[in-house]
Amino acid sequence: MRGMNGSGSSSSLSPSLSSPPFTVLHNYPLISAILAFAIAQSIKVFTTWYKERRWDAKQLIGSGGMPSSHSATVIALAVAIGIQDGWGSSTFATAMMFASVVMYDAFGVRLHAGKQAEVLNQIVYQLPDEHPLADTRPLRELLGHTPLQVIAGAILGFIVALLSRLINKLVDGA
């Protein structure tokens, strides 16, 4: 298994950190993807505060909004794999195809599902109180992303993967 330095050797790890549960801490693509996701979700809290002047901790786990954490995650993963395994590797090709599908879904299918939920919620709100569906819990409307949100997430993921690699090189002294 390759370490974060991409050398394929884990002999520089201390014995306790080379045991299987801890080797994941040296998985550069995984760490990059998780970090990109966490940063994107955190940014959503601040963008909500900026737009609405309220703190919304639900944004840390919610979908939709600026930037797309889905895009940030999959692009960080793909770029990190490309850097580590090579841009011509089959794992990079797989990661890029995965990223393309996720990003298309984010601004295609999920965006339109959110718009449909908005329309359905409006219909339910207009029902008379005696209607059996009048007490239906509203559907979640913020599911997908605009193309700009997807692009912003992709740029964030790219930057996180590059910065993670730079930090890793500095820490390893390579």
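Are H2 and H6 parallel, antiparallel, perpendicular or oblique to each other? The tour below reaches the answer after a view of the whole chain and of H2. The model is predicted.

**The whole protein**

Begin with the entire chain in cartoon representation. Six helices and zero strands are present, and the order of elements from the N terminus is α-α-α-α-α-α. The protein has 174 residues, of which 35% count as buried. Among contacts with a separation of 6 or more, 66% join residues 24 or more positions apart.

**Helix H2**

Select residues 28–52, which form helix H2. H2 contains 25 residues and extends 36 Å from its first C-alpha to its last, close to the 36 Å expected at 1.5 Å a residue. At the start of the helix, display Asn27: one of its side-chain oxygens reaches to within 3.1 Å of the backbone nitrogen of Leu30. At the other end, H2 is followed by Arg53, which has a positive phi near 55°.

Next, colour the buried residues of H2, which are Tyr28, Pro29, Ser32, Ala33, Ala36, Ala40, Gln41, Lys44, Val45 and Thr48. An α-helix has 3.6 residues a turn, so residues three or four places apart point the same way. The cover over the buried residues of H2 includes H3 and H6.

**Where H2 meets H6**

Add residues 147–172, helix H6. Two packed helices are described by the angle between their axes and the distance between the axes. For H2 and H6, the axes come within 9 Å and cross at roughly 130°. The two helices are therefore oblique to each other, which settles the opening question. H2 passes H6 in a right-handed crossing.

Show the side chains on both sides of this meeting. H2 contributes Tyr28, Ser32, Leu35, Ala36, Ile39, Ala40 and Ile43, while H6 contributes Leu156, Gly157, Val160, Ala161, Ser164 and Arg165.

Remain on H6 and select Phe158, which is found in this helix. Is Phe158 buried, partly exposed or exposed? Its relative accessibility is 41%, so Phe158 counts as partly exposed. Leaving aside residues up to four places away in sequence, Phe158 touches Ile75 and Val79. A distance drawn from the C-alpha of Phe158 to that of Ala33 reads 9.9 Å, although the two residues are 125 apart in sequence.

**Ser68, before H3**

Move to Ser68, in the loop between H2 and helix H3. Ser68 has 0% relative accessibility and therefore counts as buried. Which backbone nitrogen does the side chain of Ser68 reach? The side chain reaches the backbone nitrogen of Ser71, at 3.0 Å. Residues up to four places away in sequence aside, Ser68 touches Ala40, His145, Gln149, Val150 and Gly153. Of these contacts, Ala40 is also listed among the buried residues of H2.

**Helix H3**

Select residues 69–85, helix H3. Its 17 residues should span 24 Å at 1.5 Å a residue, and its end C-alpha atoms are 24 Å apart, which agrees. Twelve of the 17 residues are buried, so H3 is largely enclosed by the rest of the structure. The buried residues are Ser69, Ser71, Ala72, Val74, Ile75, Ala76, Ala78, Val79, Ala80, Ile81, Gly82 and Gln84. Display H2, H4 and H6 together around H3, as the cover over its buried residues includes these helices. Following H3 is Gly86, whose phi is positive, near 105°.

**Where H3 meets H4**

Select residues 90–107, helix H4. The axes of H3 and H4 come within 9 Å and cross at roughly 170°. With an angle over 145 degrees counting as roughly antiparallel, H3 is therefore roughly antiparallel to H4. On the H3 side, the contact is made by His70, Ser71, Val74, Ile75, Ala78, Ile81, Gly82 and Asp85. On the H4 side, the residues are Thr91, Phe92, Ala95, Met96, Phe98, Ala99, Val102 and Met103.

**Last stop: Gly108**

Finish at Gly108, in the loop between H4 and helix H5 (109–125). Gly108 has a relative accessible area of 12% and therefore counts as buried. Add Pro147 and draw the C-alpha to C-alpha distance: Gly108 and Pro147 are 8.8 Å apart in space and 39 residues apart in sequence.

Terms used
Residues are numbered from 1 along each chain as its sequence is written. This is a predicted model: local features need pLDDT of at least 70, side-chain atom pairs count only at pLDDT 80 or more; totals for chains, interfaces and linings use all residues. Side-chain values use heavy atoms; hydrogens and water are left out. Helices (H or I, at least four residues) and strands (E, at least two) are DSSP runs, numbered from the N terminus. Buried means under 20% relative accessible area, exposed over 50%, partly exposed in between (1.4 Å probe, protein chains only). A polar contact is a pair of N or O atoms within 3.5 Å; within protein, one must be able to donate a hydrogen and the other to accept it, and residues adjacent in sequence count only if both atoms are side-chain atoms. Contact means heavy atoms within 4.5 Å. The expected span of a helix is 1.5 Å times one less than its number of residues. Axes are lines fitted to C-alpha atoms, for helices over the stretch in contact, and angles run from 0 to 180 degrees between N-to-C directions. Angles under 35 degrees count as roughly parallel, over 145 as roughly antiparallel, 65 to 115 as roughly perpendicular and the rest as oblique. A crossing is left-handed if the near helix is turned anticlockwise from the far one by less than a right angle, and right-handed if clockwise.
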